[in-house]
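Work through the exercises below with the structure in view, and try each task before reading its solution.

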Amino acid sequence: MTSRLLAPFDLLTPQSVSEGVQMLAQYQSQVAILNGGTALWNHHRKLKHQPPYILTLSALKELDYIDYIPGEGLRIGAKAKICDLIENPVVAARFPALYEAAYWFGNPQIRFMATAMGNILRASPSADCSCAILALGGQVVLQSQSGQRIVDIDDFWLSYDVTARRCDELATEIRIPETGSTTCSSFQRLTRVRQDLAKINVAVRLEMSQGVCRQARIAMGCVGPTTKRLTGVEQLLVGNPVTDELLQQLATAVKSEITPIDDQRSTAAYRTQVSGVILRRVIERALSANMNCDSRERS
Amino acid sequence: MKNRLITLSVNGRNYRLNVEVNRTLLQALRDDLKLVDVKYGCGSGECGGCSVLVEGRECINSCLTLAVEMEGRNITTIGGMMRKGELHPIQQAFIDEGAIQCGFCTPGMVMKTASILAKNPCPSEDEIRRGLEGNICRCTGYENIVRAVQTASRVMHESDIQAAGGARP
């Protein structure tokens, strides 16, 4: 039992968000935040200098919620777990990309412990829920003693393991904008076995009207230091009917927009090769789910 | 380093423990309470060897959980599965189906099975396989384990599930 001992630390257990924010202001970069714990300990073991304080959110029951506000969208509290997303019928019905990312996430024990907020804050390019939230156009709510600020997910990851969260800020909520009857979304990933981290993952949110894509947000992971928006591919897609020819064009175009590397899970060459395949699949899957909705509404 | 005094209920027995805050639940169970039926596999939440039940229903990796975070909770390990000197139906099913070779993953497998059946008494094969994804066995190839879960599901009644892990929420 000695090879995996956790380095010594002092544990801070705030009883309210305001107390947590006050502790963060006091200890600043000396403190790491413990939520589900599935990524934190494994990450800490790799660090040369581990923070002397750990602030746990375990007593902050007020952050354990998933609320849907019609017309506004989804609000996911920092303590809402991955398994809560899967069990929430609104997530499955209105935000399929997030549902699918949660469904394929980790393994059952991990899904019961890990949180969507932890996934975002870990700032890893292979994070599944992060990929879906980027495609869905989410926002992160950050609370500090000087008030609240809301950061678009597009601006949240600065580089690998670096986020826009200042060390005196507590990330309290994820917001996902409302979807409508013309919105479709989906998520796909490739792994060797099911519980692996992704070799590559991708998520889309499309606004469709009469077979033509009016707006698109496409996110791809494991192809750069952070999960990436594919803005070039989005531009090719918007304003056009989604034909086989166009999908082929997108599958070629994506290769020039990504910068994958070799690592223990895959190679740059393989990731480049499959990026177009998985992109095509995710768009087709999103559109077919959308058509099913349409036919259900008509019948 | 600060210590905290916590109360843990493990297998129906209450313990008061003075633990350092950086000790995991797995360390508290194995090293402090000497409950070595909980296995230390990977220590990073991938193998499921250290799976224990919380409140008789949810399975967690005890290697990723701080002991102090479990204050006041009811924990069940495989050592708490026997009743009146008899093996629990899940344990018996693992024996009957030959779902054990080296046996190291078995405590975790049995606890995860208890969690699967507590939520879904009649799971399909797909649901069983998805449920066991977080528990790695390097010997058996999983076929007999899946059969053992199916057998346990057939012979178990609601009362067995409750007896496995105490009251359901």
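**Exercise 1. Find the stretch of chain A where pLDDT stays under 50, and decide how to read it.**

Solution. Over residues 293-299 of chain A, pLDDT (the predictor's confidence in each residue, from 0 to 100) stays under 50, and the model has 0 contacts there beyond four places in sequence, two residues being in contact if their C-beta atoms, placed from the backbone, lie within 7 Å. Where pLDDT is low, the predicted coordinates should not be read in detail. For chain A as a whole, the average pLDDT is 94, and 95% of the residues score at least 70.

Some conventions apply throughout. This is a predicted model, in which local features need pLDDT of at least 70 and side-chain atom pairs count only at pLDDT 80 or more, while totals for chains, interfaces and linings use all residues. Residues are numbered from 1 along each chain as its sequence is written, chains are lettered from A and ligands numbered from 1 in the order in which they are written.

**Exercise 2. Trace the open sheet of chain A: what is the order of its strands?**

Solution. Begin with the elements themselves: helices (H or I, at least four residues) and strands (E, at least two) are DSSP runs, numbered from the N terminus, and two strands pair if DSSP finds at least two bridges between them. The sheet has 3 strands in the order E1-E3-E2, with parallel pairing. Next, look at its edges, where strand E1 (10-12) and strand E2 (31-34) of chain A each pair on one side only. The twist averages 30° from one strand to the next, with axes being lines fitted to C-alpha atoms, for helices over the stretch in contact, and angles running from 0 to 180 degrees between N-to-C directions. Then follow E1(A) to strand E3 (residues 53-56) of chain A, to which 3 bridges join it in parallel; A:Leu12 has A:Leu55 as its bridge partner in E3(A). Finally, helix H1 (residues 17-27) of chain A packs on this sheet, touching E1, E2 and E3 of chain A, and its direction makes about 165° with that of E3(A).

**Exercise 3. Describe the open sheet of chain B, and explain why one side of each edge strand is left without a neighbour.**

Solution. Chain B comes to 6 helices and 5 strands, and its open sheet of 5 strands has the order E2-E1-E5-E3-E4, with mixed pairing. Strand E2 (13-20) and strand E4 (58-61) of chain B stand at the edges with a single partner strand each, so one side of each has no neighbour in the sheet. On average, neighbouring strands of this sheet are turned by 40° against each other, direction ignored. Within the sheet, strand E1 (residues 3-10) and strand E5 (residues 74-76) of chain B pair in the parallel sense over 2 bridges, and B:Val10 has B:Ile75 as its bridge partner in E5(B). Helix H3 (residues 106-119) of chain B lies across strand E3 (51-54) and E4 of chain B, and runs at about 30° to E3(B).

**Exercise 4. Which elements of chain A give two or more residues to the side that touches chain B?**

Solution. Start from the totals: 23 residues of chain A are in contact with 26 residues of chain B. The elements in question are E1, helix H2 (40-44) and helix H6 (108-113) of chain A, and H6(A) provides the largest share, 5 residues.
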